[in-house]
Amino acid sequence: MSQPASRLDFEAVLVPLAAIVVSLALFGVFILCNGVSASSVYYEMYRGAFGTWFSTQNSLTRAAPLMLTALCTALPAHLGLVVIGGEGALVLGALASVVAAHLLASFGPWVVLIGMGLTGAAVGALWLGMVGALRTLRGVNETISSLLMNYIAIGVFKQIVEGPMRDPASLNKPSTLPIGDANMLGSLPGMDVHWGLVYGVVACLFSYVLMRRTVFGFSARMVGGNVRAAQLSGISVTKRVIATCMLAGAAGGLAGMTEVAAIHGTANASLICGYGYAGILVAFLARQNPLAVIPVALLLGGISASGGLLQRSLSLPDATVNVLQGILFVVILASETFYGRWKRAPAATVPAPAASVVAEVA
Amino acid sequence: MEGEALGLLGVPLAVIGGALRVSPPYLFVSLGECLTEKSGRVNLGLEGTLIMGAMSAYGVSYLSGSPWLGVLAAGGVGLLLGALHAYLCQQPRVNDIAIGIALMIFGVGLAFFLGKPLIQPTAPRLPAFEFGNWSSSSPLRAALQINVLFAIGIVLAFAMRYMLQRTRWGLLLRVAGESSDSARAMGYDVARIRLYATACGGFLAGVGGSFLSLYYPGSWNEGLSSGQGLMAVALVIFARWDPVRCLWASLLFGSAGALGPALQSVGISGGYHLLSVAPYVLTLAIMMMTSSAHRTLLGQPAELGAAK
């Protein structure tokens, strides 16, 4: 790069890295208090997340839906909205995609998969589009309504899966009829990770370009920056809010579709495993930047994938990774306060080594 | 089943009984959230506080043999988590919604981690007032059992309304929630007021958790809470930031939650999951009807960022 990196870029890397180091240290202290060597936990976590080819694939598989559900929060955030309805969009998108799969079953796998994707995304879009419409037309707070709609979506999902769409053969765990092995979403060439990962990455890249490089994105961010200014320049706030929420919901619905078509093959309660809520945190950790969502989702996928190994090899409870996740989130979110502390320095200088920055502040 | 002996009459009775058992956690958590929000901040992390409270109450009650020590421990843990939330949120540029979600994940994870050895043992439970002892009908007796903690909660709801409306502390809290500039101009430290309010709110949420593990359902496991902590935020909006209305709202939410099992006990099991979402639909419908794009909700603290 010919341009010198700005202080802001420097901060954007240094602060999260420092936060991760601090959280790992806090987690180590917590582990030591429980009488287990911290270094062996770090090692096992590394092994369980990215240490082997098998575990890396496991992490990637878990990261795929997180990228999509993170967009449920990250996209509306550009308009200044805090939407936490990813879970609802995911479960209803999953259910709708199963319906589509059964209706289109006679047309062959390609039609089924495309139909599933479109239906799942459409239902997710309608679901979160409602949140946007309620916000802008009726002034209903979007955080609360999307939270309530998660519960409603899960209730509707269970009612339909255990009632009209129940496969009579599923006794212990009510499920719908399977979509059929032939219609399943395949794996990426040369690995055991399904195509949903590509969907996730593409959706993040698309969202980034949309929000940073298009007129739509510019007007949406203008709404987020100052509603009055946006209105005065003739931007329809209502349209931007509803359209962005619908895009967010489409991503969530697509996450549900990939979970059905690539993992479960049917809709049942296993789909309600908190990917929607984890997505909120991915979005906040990525500071609502769709591009940053990709690495953060990988990190979180890795952490959740390592839970099993910790349980088996160190006989720690499976909730250990949740403790680490919690510490990580709290510390990273709290580290927001350290952005902009080096503002007094001239904006366009080559970043100095960390030591001298510290000296400058002190 | 005794409920069947009473026929359809058993349904309202089972709903009342169920409401009295299910409502108290809602009541305590929503009172805690109400107090926090009155000071101008949202704590979305009360779900984590609730579960940490449930776990620590069960653990302390098991080890000490006294359920009341357990309740106190739960409150103490809640107090710490609330104070942590408040401390982090008062740093510049830290988002209270996001910190709430993070603390929820942290609290739930920590409770499951530390609570693993508590799944097997049985801890002493909280006592209840037996208001139905005059009757020979056992469903009626079961319905009229009111837990001592719930009675405390009812008193607390009225006391908190009095505190907010009639006392100096209540006024200070409301000033911090309505206009932090005014509070600052009067020479008060808004951050400190919010710290106290959030910590006390956490205390109440922790106590609500102790009810879950020490009375109903009355054991510790990982599926103990069904989202009461998250619902509290909606419930407080439903109750328009008034502690006494929080009481009615929790009873309503409790009975809506008890309707499904009550109907199931007399053999009507269709629509079980749809009935269980009734409280959420109700809240959403009421928010839709009463909100407006042009003004804020009546009774809402003006400094509340998330409920704008």
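This report describes the two chains of a predicted model, from their overall build to selected helix contacts and individual residues.

## Overall build of the chains

Chain A is built from 15 helices and zero strands. Its radius of gyration is 22 Å, which agrees with the value near 21 Å that a compact globule of 362 residues would have. Chain B, in turn, has 14 helices and two strands. The radius of gyration of chain B is 20 Å, close to the 19 Å that the globule rule gives for 308 residues, so chain B is as compact as a globular protein of that length.

The table sets out the extents of the C-alpha traces along the principal axes, together with the share of buried residues.

| Chain | Span along principal axes | Buried residues |
|---|---|---|
| Chain A | roughly 70 × 60 × 40 Å | 54% of 362 residues |
| Chain B | about 65 × 45 × 35 Å | 56% of 308 residues |

Contacts between residues at least 6 apart in sequence were also examined by sequence separation. In chain A, 75% of these contacts join residues at least 24 apart. In chain B, 75% of such contacts likewise join residues at least 24 apart.

## Helix contacts in chain B

Two helix pairs of chain B are described here. The first consists of α8(B), residues 168–178, and α10(B), residues 190–214, whose axes come within 10 Å and cross at roughly 115°. An angle from 65 to 115 degrees counts as roughly perpendicular, and α8(B) is therefore roughly perpendicular to α10(B). The crossing of these two helices is left-handed. On the α8(B) side, the contact is made by B:Leu172, B:Leu173 and B:Ala176, while α10(B) contributes B:Val190, B:Ile193, B:Arg194 and B:Ala197. Sorted by class, the residues of this contact comprise six nonpolar, no polar and one charged.

The second pair consists of α2(B), residues 10–38, and α12(B), residues 243–265. The axes of α2(B) and α12(B) come within 6 Å and cross at roughly 140°. This angle lies outside the ranges for parallel, perpendicular and antiparallel arrangements, so α2(B) and α12(B) are oblique to each other. Their crossing is right-handed. The contact of α2(B) with α12(B) involves 19 nonpolar and six polar residues, with no charged ones.

## Helix α11 of chain B and its surroundings

Helix α11(B) covers residues 228–238 and is mostly covered, with 11 of its 11 residues buried. Among the buried residues of α11(B) are B:Gln228, B:Gly229, B:Met231, B:Val236 and B:Phe238.

The loop between α10 and α11 of chain B contains B:Pro217. The peptide bond that joins B:Tyr216 to B:Pro217 is cis, with omega near 0°.

After α11(B) comes B:Arg240, which has a positive phi near 55°. B:Arg240 lies in the loop between α11 and α12 of chain B, and its positive phi occurs in a residue other than glycine.

## Selected residues of chain A

A positive phi is also found in chain A. A:Arg287 is not a glycine, yet its phi is positive at about 50°. The residue is placed in the loop between α11 (275–285) and α12 (290–305) of chain A. With a relative accessibility of 41%, A:Arg287 counts as partly exposed, because partly exposed covers values between 20% and 50%.

A:Ile84 sits in the loop between α3 (53–77) and α4 (86–103) of chain A. Is this loop residue, A:Ile84, buried or exposed? Its relative accessibility is 3%, and A:Ile84 therefore counts as buried, the cut-off for buried being under 20%.

Which residues does A:Ile84 touch, when those up to four places away in sequence are not counted? Within chain A, the contacts of A:Ile84 are A:Thr73, A:Thr143, A:Ser146, A:Leu147, A:Asn150 and A:Ile280. A:Ile84 also touches B:Ile101 of chain B. A further pairing concerns A:Leu281, which is 197 residues from A:Ile84 in sequence, while the C-alpha atoms of A:Ile84 and A:Leu281 are 9.7 Å apart in space.

Key:
Residues are numbered from 1 along each chain as its sequence is written. Chains are lettered from A and ligands numbered from 1 in the order in which they are written. This is a predicted model: local features need pLDDT of at least 70, side-chain atom pairs count only at pLDDT 80 or more; totals for chains, interfaces and linings use all residues. Side-chain values use heavy atoms; hydrogens and water are left out. Axes are lines fitted to C-alpha atoms, for helices over the stretch in contact, and angles run from 0 to 180 degrees between N-to-C directions. Helices (H or I, at least four residues) and strands (E, at least two) are DSSP runs, numbered from the N terminus. Angles under 35 degrees count as roughly parallel, over 145 as roughly antiparallel, 65 to 115 as roughly perpendicular and the rest as oblique. A crossing is left-handed if the near helix is turned anticlockwise from the far one by less than a right angle, and right-handed if clockwise. Contact means heavy atoms within 4.5 Å. Ala, Val, Leu, Ile, Met, Phe, Trp, Tyr, Cys and Pro count as nonpolar, Asp, Glu, Lys and Arg as charged, and the others, Gly among them, as polar. The radius of gyration is taken over C-alpha atoms; the globule rule is 2.2 Å times the number of residues to the power 0.38. Buried means under 20% relative accessible area, exposed over 50%, partly exposed in between (1.4 Å probe, protein chains only).
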